[in-house]
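Open your viewer, set it to a cartoon view, and keep the selection tool at hand. We will go from stop to stop, picking residues and looking at what surrounds them.

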Amino acid sequence: MSNSLLKGFLKQPITIVGIITALLFQVFFSLIWVTGYDHVTDRVTQMAIAIVNEDGTAGKAIADGISSSLKFRLETGLTLQEAKAAMDRRDLRMIIDIPEGFASGLSHPTAKVQLNYLINQSNPQMVSNVMQSVATQLTAALNEQTTVQGFKQTLTAMQLPAAQADILEGSITSRIDGNVEFSNPSTNFVQTMVPLMIVTASFTGSMLLAMNLNRASINLSGQAGKWQRLAARFIIMGAVAFAASLISTTLNYSLGIRFTTGYFTAWMFEFLIILACMTLAQLSLVLFGDAGAWVNIGLLSIQMLSSGATIPREILSPFYVWIGQLFPARYAVDGMLDLVIGGQGILQDVLALFYIAIACTLITITVTAVRRAPKRMMEPAVQPAN
């Protein structure tokens with residue numbers, strides 16, 4: 001291979017664009033993911049847990065003791081139904097329920113009682129793992145405190161010799177049974193990954209389509225005005241979103257993914273996801289021209305990070321918690337978790353995606369209106385021969 005061929009490649013603008021794009025993928029993903037995931041484990045305690053006391057005044061001291069032993073963000077004063085509704089919205093990650101009669105059961109030195117833990121599995125796998133670990137550790141700590149304390153009272157009353165009392169104390173069994181219940185149980189790990197797959201595929205496909213439509217629009221500038229070309233882009237995007245969402249939903253369904261509200265609802269929701277992604281990706285190209293393709297690389301990374309598909313959003317860096325609210329991925333993931341595993345419903349996510357699509361469309365139209373179209377080159381008139 002000759003050096004002239006290599007020089008020929010490097011003289012092509014499309015080669016330079018490709019090289020810059022490959023490098024920017026590394027730059028954006030490194031910067032965004034490292035800063036976003038930095039010290040995530042230190043912020044695990046930002047996840048919210050509700051302590052519901054159904055044992056009235058008798059259970060208040062126990063609830064206060066649990067509260068003081070947990071370093072998580074705690075919600076108290078909720079009824080069980082209110083806490084369950086908040087957990088379905090993913091505002092809470094676990095509910096610790098102190099049932100009626102819990103304190104009176106503990107007052108009997110040898111009686112057994114049950115402490116209830118409710119965990120929503122319609123969440124990233126990390127949430128379920130962390131909360132189950134918390135439930136296990138809390139139950140063990142409470143058992144260590146209450147069982148030994150209760151038996152010491154009994155042994156003292158029996159006035160047993162110290163050696164025999166130590167043997168009995170070492171052989172006692174747990175008095176508190178930790179009962180873990182799962183709402184929206186996930187029976188297959190792939191269910192938790194479907195939302196991430198859909199978000200990644202939707203925005204990646206959208207950014208590639210937007211880039212090529214932008215190039216085609218420039219090539220056709222001599223044949224049609226800016227409004228005609230913009231209308232054509234919207235029509236193509238709508239048609240592609242319709243077809244892509246149909247293909248994706250059908251494939252997922254045929255591969256065993258069942259939707260809680262049915263096939264058609266899932267199809268229409270994914271259609272809205274892709275449409276919101278397409279209008280956002282196109283806006284970058286309208287605002288920044290060809291450089292908008294590089295902006296979209298950054299947006300892809302930000303959305304994958306802040307979507308809440310792999311780890312809960314509240315333990316990310318605060319900047320990514322905030323900025324994630326502006327893009328489709330957050331609402332796409334929440335809605336797809338509700339559709340694939342279960343939850344409170346997708347209405348709020350539908351509205352958010354709709355608002356994003358409308359906002360991007362209106363900004364695109366506004367920018368197109370105020371930006372002057374390049375003047376067409378006029379061909380010189382041909383003079384008739386004498």
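How far is the sulfur of Cys277 from the closest cysteine sulfur, and in which residue is that sulfur? Before you look, please note that this model is predicted.

**Stop 1: two cysteines**

Select Cys277 and Cys360, and show their side chains as sticks. The closest cysteine sulfur to that of Cys277 belongs to Cys360 and is 9.7 Å away, which is too far for a bond. A disulfide here would need the two sulfurs within 2.5 Å. Cys360, for its part, is in no disulfide, and its nearest cysteine sulfur is that of Cys277. If you go hunting for disulfides elsewhere, a search of the whole structure finds zero.

Now turn on a surface. Cys277 counts as buried because its relative accessibility is 3%, and Cys360 counts as buried too, at 6%.

**Stop 2: a serine in a helix**

Keep Cys277 on screen and add Ser206, since Cys277 is among the residues in contact with this serine. Ser206 sits in helix H8, which spans residues 189–219. Is Ser206 buried or exposed? Its relative accessible area is 1%, so Ser206 is buried.

Next, add Ser202 with its backbone atoms. The Ser206 side chain reaches the backbone oxygen of Ser202 at 2.6 Å. To see what else surrounds Ser206, select Ile274, Cys277, Met278 and Ala281: these are its contacts once neighbours within four places in sequence are left aside.

**Stop 3: the nonpolar cores**

In soluble globular proteins, nonpolar side chains tend to be buried together. To see this model's largest nonpolar core, start with Ile66, Met94, Ile96, Leu115, Met131 and Met336, the residues with the most contacts inside that core of 77 residues. Then colour helix H10 (residues 263–288): this helix gives the core its largest share, 10 residues.

Zoom in on Ile66. Which residues does Ile66 touch, not counting those up to four places away in sequence? Select Ile51, Ile96, Ile98, Leu115, Leu138 and Leu142, and you have them. Another core, of 10 residues, lies apart from the largest one; Val52, Ala83, Met87 and Leu118 are among its members.

**Stop 4: a network of charges**

The structure holds eight salt bridges. Begin with Arg90 and Asp334, whose closest N and O atoms are 3.9 Å apart. This salt bridge links distant parts of the chain, 244 residues apart: Arg90 is in the loop between helix H4 (80–88) and strand E3 (94–98), and Asp334 is in helix H13 (residues 328–340).

Leave Asp334 selected and add Arg313. These two also form a salt bridge, with their closest N and O atoms 3.0 Å apart. Arg313 lies in the loop between H11 and H12 while Asp334 is in helix H13, so this pair ties together parts 21 residues apart in sequence. Arg313 counts as buried because its relative accessibility is 14%, and Asp334 is buried at 12%. Add Asp338 to complete the picture: salt bridges that share partners join Arg90, Arg313, Asp334 and Asp338 into one network.

**Stop 5: another salt bridge**

Now select Glu314 and Arg93, a salt bridge whose closest N and O atoms are 2.8 Å apart. Glu314 is in the loop between helix H11 (292–306) and helix H12 (318–323), and Arg93 is in the loop between H4 and E3, so you will be looking at distant parts of the chain, 221 residues apart. Glu314 counts as partly exposed, with 21% relative accessibility; Arg93 is buried, at 5%.

**Stop 6: two backbone angles**

Most residues other than glycine have a negative phi, and most peptide bonds are trans. Go back to Arg90 and check its backbone: phi is positive, about 70°, although Arg90 is not a glycine. Arg90 is also buried, with a relative accessible area of 10%.

Finally, select His39, in the loop between helix H2 (13–37) and strand E1 (48–53). What is phi of His39 near? The value is near 60°, again positive in a residue other than glycine. His39 is partly exposed, with a relative accessible area of 47%.

Conventions
Residues numbered from 1 in each chain as written. Predicted model: local features only at pLDDT ≥ 70, side-chain atom pairs only at ≥ 80, totals over all residues. Heavy atoms only, no water. Helix = DSSP H or I, 4+ residues; strand = E, 2+ residues; numbered from the N terminus. Buried < 20%, exposed > 50% of the residue type's maximum accessible area, 1.4 Å probe, protein only. Polar contact = N/O pair within 3.5 Å; in protein donor to acceptor, adjacent residues only side chain to side chain. Contact = heavy atoms within 4.5 Å. Core = buried A, V, L, I, M, F, W, Y, C linked by side-chain atoms within 4.5 Å. Salt bridge = Lys/Arg side-chain N within 4 Å of Asp/Glu carboxyl O.
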